[in-house]
Amino acid sequence: SSTPFLPTHTSASGDDSQPHYKNYMAAITVLTCSLSAIGALFIIVTYMVWTDIRSLSRKFLVNLSVADLLASLSILYINTGVLIQHLTSLNDDSLGCMLQSSITTAAFMAVYLWTASLSVYVYTMVKTKNLRLCEKIYKVILVINWGVPIVIVVIAGQMGKLGYGGSQVTVAWCWLKLNDDLPFVDKHPAVRVSEAMWLLFTGKLWEILAFLIVTVMYILLKCEVHSQRSRFARGDLHNCDSSTITIMMNLERRLMYVPLVFLLLYSVSTYRFLATVIPALQVPKPSVRDEVLELIHAIGNTSQGSANAVLFCLMTPQIQRKFSAFFRRVLERKESDAEERDRLFGMSDTVESSGSVCYKYTTNP
């Protein structure tokens with residue numbers, strides 16, 4: 001039987017190629033989810049192992065990584081089921097689809113909120129240099145960024161909105177139940193408004209707001225760093241030294257990548273949402289171009305964990321120094337073990353040689 005899990009695609013010859021397309025999309029999604037989960041775990045584990053990097057900014061990043069990990073694992077679960085042919089009969093009312101939709105929807109909203117909050121924290125810290133104020137803000141943000149997604153998911157679940165709709169806003173996972181018997185433009189106006197509001201309420205609104213907030217915070221941070229550098233050069237900034245200015249410039253450069261990476265990862269999913277609610281933006285169907293958009297959508301929405309690991313760990317000098325020291329210790333230990341083996345083998349050769357001499361002496365007097 002065919003699965004409602006992914007939208008059906010028809011080849012140019014009219015043959016149904018959906019099973020191959022479904023498996024191809026599931027395999028790509030499993031790969032990107034696995035990399036994202038590894039990246040998120042990398043951030044979490046380094047935070048737990050190295051106590052000296054447990055700064056407030058790392059707390060923001062760890063919360064973001066937990067949300068990334070939840071989203072990646074839930075989507076990984078559902079797509080692994082598609083590949084091994086055990087979960088291909090999922091539908092709107094299946095427990096697996098409902099559970100995955102609940103976790104993924106809440107996790108994605110938390111990802112958007114924590115991404116925006118991280119940029120707000122960096123700007124506030126550079127602007128005020130008041131760690132105590134930022135710690136108080138963090139406690140409030142912690143409640144909001146996890147509480148709001150959970151409340152929204154509970155409301156959506158109680159109203160029966162979680163599931164799979166197979167529309168242009170969905171790729172290889174369950175999200176919302178949408179009535180896709182008709183194109184969006186042909187639906188009753190009240191239905192169009194209701195579906196658009198739920199799409200915004202359970203994800204797209206927070207995604208768009210996150211991108212706007214991150215972009216605005218980067219612009220403000222860039223202006224603030226430029227202002228403080230000018231004041232420091234004139235000697236007007238007395239509570240700041242050259243090392244602090246250097247740190248702020250590094251923060252500015254790193255934060256610059258956040259809106260760029262966010263735009264790169266989520267631009268296609270946002271376009272596909274806009275194409276759903278604004279018919280003029282839709283691409284013709286069936287279309288190879290739309291399949292490419294779906295592929296980019298699946299890759300982008302499941303890659304933030306790996307992107308954050310590269311941006312905030314592998315590109316961070318402090319983490320680089322720790323890994324460099326770790327690998328040096330490993331190499332030194334290997335060299336020490338090799339020297340110990342050589343010493344033991346040398347002693348063994350000496351003993352064997354001495355034993356051979358003694359044997360010859362006793363047998364040939």
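Me: Taking buried to mean under 20% relative accessible area, what relative accessible area does Cys134 have in this predicted model?
Reply: Buried applies to a residue under 20% relative accessible area, with exposed reserved for values over 50%. In this predicted model, Cys134 satisfies the first of these conditions and is therefore buried. Its relative accessible area is 2%.

Me: What is the relative accessible area of Cys313?
Reply: Cys313 is also assigned as buried, the cut-off being under 20%. The computed relative accessible area of Cys313 is 0%.

Me: Which cysteines form a disulfide?
Reply: A pair of cysteine sulfur atoms counts as a disulfide when they lie within 2.5 Å, and the structure holds one such bond. Its two sulfur atoms are 2.1 Å apart, and they belong to Cys97 and Cys174.

Me: Is the disulfide of Cys97 and Cys174 left-handed or right-handed?
Reply: The bond joins distant parts of the chain, with Cys97 in helix H3 and Cys174, 77 residues apart from it, in the loop between strand E1 (162-163) and strand E2 (175-176). Both Cys97 and Cys174 are buried. The torsion about their S-S bond is about -125°, so the disulfide is left-handed.

Me: How are H2 and H3 oriented, roughly parallel or roughly antiparallel?
Reply: Helix H2 (residues 56-83) packs with helix H3 (residues 95-128) at an angle of about 155°, their axes being 8 Å apart. Because angles over 145 degrees count as roughly antiparallel, the relation of H2 to H3 is roughly antiparallel.

Me: How many nonpolar residues are in the contact of H2 with H3?
Reply: The crossing of H2 and H3 is left-handed. Among the residues of this contact, eight are polar and one is charged, while the nonpolar ones number 18.

Notes: Residues are numbered from 1 along each chain as its sequence is written. This is a predicted model: local features need pLDDT of at least 70, side-chain atom pairs count only at pLDDT 80 or more; totals for chains, interfaces and linings use all residues. Side-chain values use heavy atoms; hydrogens and water are left out. Axes are lines fitted to C-alpha atoms, for helices over the stretch in contact, and angles run from 0 to 180 degrees between N-to-C directions. Helices (H or I, at least four residues) and strands (E, at least two) are DSSP runs, numbered from the N terminus. Angles under 35 degrees count as roughly parallel, over 145 as roughly antiparallel, 65 to 115 as roughly perpendicular and the rest as oblique. A crossing is left-handed if the near helix is turned anticlockwise from the far one by less than a right angle, and right-handed if clockwise. Ala, Val, Leu, Ile, Met, Phe, Trp, Tyr, Cys and Pro count as nonpolar, Asp, Glu, Lys and Arg as charged, and the others, Gly among them, as polar. Buried means under 20% relative accessible area, exposed over 50%, partly exposed in between (1.4 Å probe, protein chains only).
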